[in-house]
Amino acid sequence: MGKKISVVRAEVLGYCMGVNMAVEAVHKALRDNPLRPVYTYGPLIHNPAALEQLAALGVEILNPHAPGSADRFSSLPDDFGGRAVVIRAHGIPPAEFAELEKRGASIVNATCPRVLSSQKRAEKYVREGIALILAGDKNHAEIAGIAGFAPGCTVLENIADAENFIRQETLPERAALIGQTTIKQTEYDGIAGVLSLRIPKLEVCPTICPAAEERQRALEKLASDTEGIIVIGGKNSANTRRLLTTALGLTDKAWLIERAEDIPEDVYQCSRIGITAGASTPEEIISSVEKVLLEFQG
């Protein structure tokens, strides 16, 4: 009998709560709205295979921010005619929500509840005249959406940004800090620590999604029990790339794949492989990778 591979799954992997809710919202829109296509406002999730499956069902991706266009909404239909538009888990700014309504879209708001909470916090702080600082990737849709509720807010991407920010002569005595739900806790704590040096009354909001940290801890445990790690997910998914970075810090045998066909030959040199997956990876893709590995006989 040939060599068999033992496969160990991470205790936490695959769809997070927000992504799962967004995918369910799209399927509900497909059932409830007879008009086609059903649109998603930007890619619903960062997983090519999952997006292909949705496209086959009649889902089309809107690209609202056409590069090089003076009108940021130039790529949107002038009249949606009641067709469903699903807002993905990242959320959108209120101005874009209003534009969709104006153009006759039937909006399905699948913004992650944690992101919705951050949006409401941001709106509240601005209403109360409290300076707002966001910690996260300034180009990420979630941060752009939250910033839309807080005109004039400051976005800091890392500790270096925070250090530059506090060098200003005049800083607010009171401010609130909201973090991107997927920012690393250590980065968020570092930014908060720097800001507190110059802002006496700094309210640090607990906005990080625990699922991200749970994935990291599960990956660390997985690495201690396996010879190598396969990370399954879209190559353009930020949280998937973070998993790969962590895996490479734990073992020199770590690979990022999008689907079972991408499994590299080097994997089959291992006897015990661990698999984890990004928050946008469907269970059927995880299972297909696991099945190929388990059926291998060297």
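**Entry 1: the four-stranded sheet**

I looked up the sheet order and found four strands in an open sheet, S3-S2-S4-S5, with parallel pairing. The model is a predicted one, where local features need pLDDT of at least 70, side-chain atom pairs count only at pLDDT 80 or more, and totals for chains, interfaces and linings use all residues. Residues are numbered from 1 along each chain as its sequence is written, and side-chain values use heavy atoms, with hydrogens and water left out.

Strands here are DSSP E runs of at least two residues, helices H or I runs of at least four, both numbered from the N terminus. Two strands pair if DSSP finds at least two bridges between them.

I checked the edges. S3 (59–62) and S5 (106–109) each have a single partner strand, so one side of each lacks a neighbour in the sheet. Neighbouring strands are turned by 30° against each other on average, direction ignored. S4 (residues 84–87) runs parallel to S5 and is joined to S5 by four bridges. I noted one pair: Ala 84 has Ser 106 of S5 as its bridge partner.

**Entry 2: helices across the sheet**

I took angles from 0 to 180 degrees between N-to-C directions, with axes as lines fitted to C-alpha atoms, for helices over the stretch in contact. H1 (residues 17–32) lies across S2 (38–41), S3, S4 and S5, at about 170° to S4. H3 (residues 94–102) lies across S2, S4 and S5, at about 145° to S5.

**Entry 3: strand S8**

I counted burial in S8 (residues 174–179): five of its six residues are buried (under 20% relative accessible area, 1.4 Å probe, protein chains only). S8 pairs with S6 (residues 131–135) in the parallel sense over five bridges. Ala 135 is matched with Gly 179 of S8. S9 (residues 201–204) also runs parallel to S8, joined by four bridges. There, Leu 177 has Val 204 as bridge partner.

**Entry 4: H8 against H9**

I looked up the packing of H8 (residues 210–223) on H9 (residues 238–250): the angle is about 30° and the axes are 10 Å apart. That makes the two helices roughly parallel (under 35 degrees).

Contact means heavy atoms within 4.5 Å. H8 contributes Arg 215, Gln 216, Leu 219, Glu 220 and Ala 223; H9 contributes Arg 242, Leu 243, Thr 246, Ala 247 and Leu 250.

**Entry 5: Thr 276**

I placed Thr 276 in S12 (residues 272–277). Thr 276 counts as buried, at 0% relative accessibility. Beyond its neighbours within four places in sequence, its contacts include Leu 219, Ile 230 and Leu 243.

Notes: Angles under 35 degrees count as roughly parallel, over 145 as roughly antiparallel, 65 to 115 as roughly perpendicular and the rest as oblique. Buried means under 20% relative accessible area, exposed over 50%, partly exposed in between (1.4 Å probe, protein chains only).
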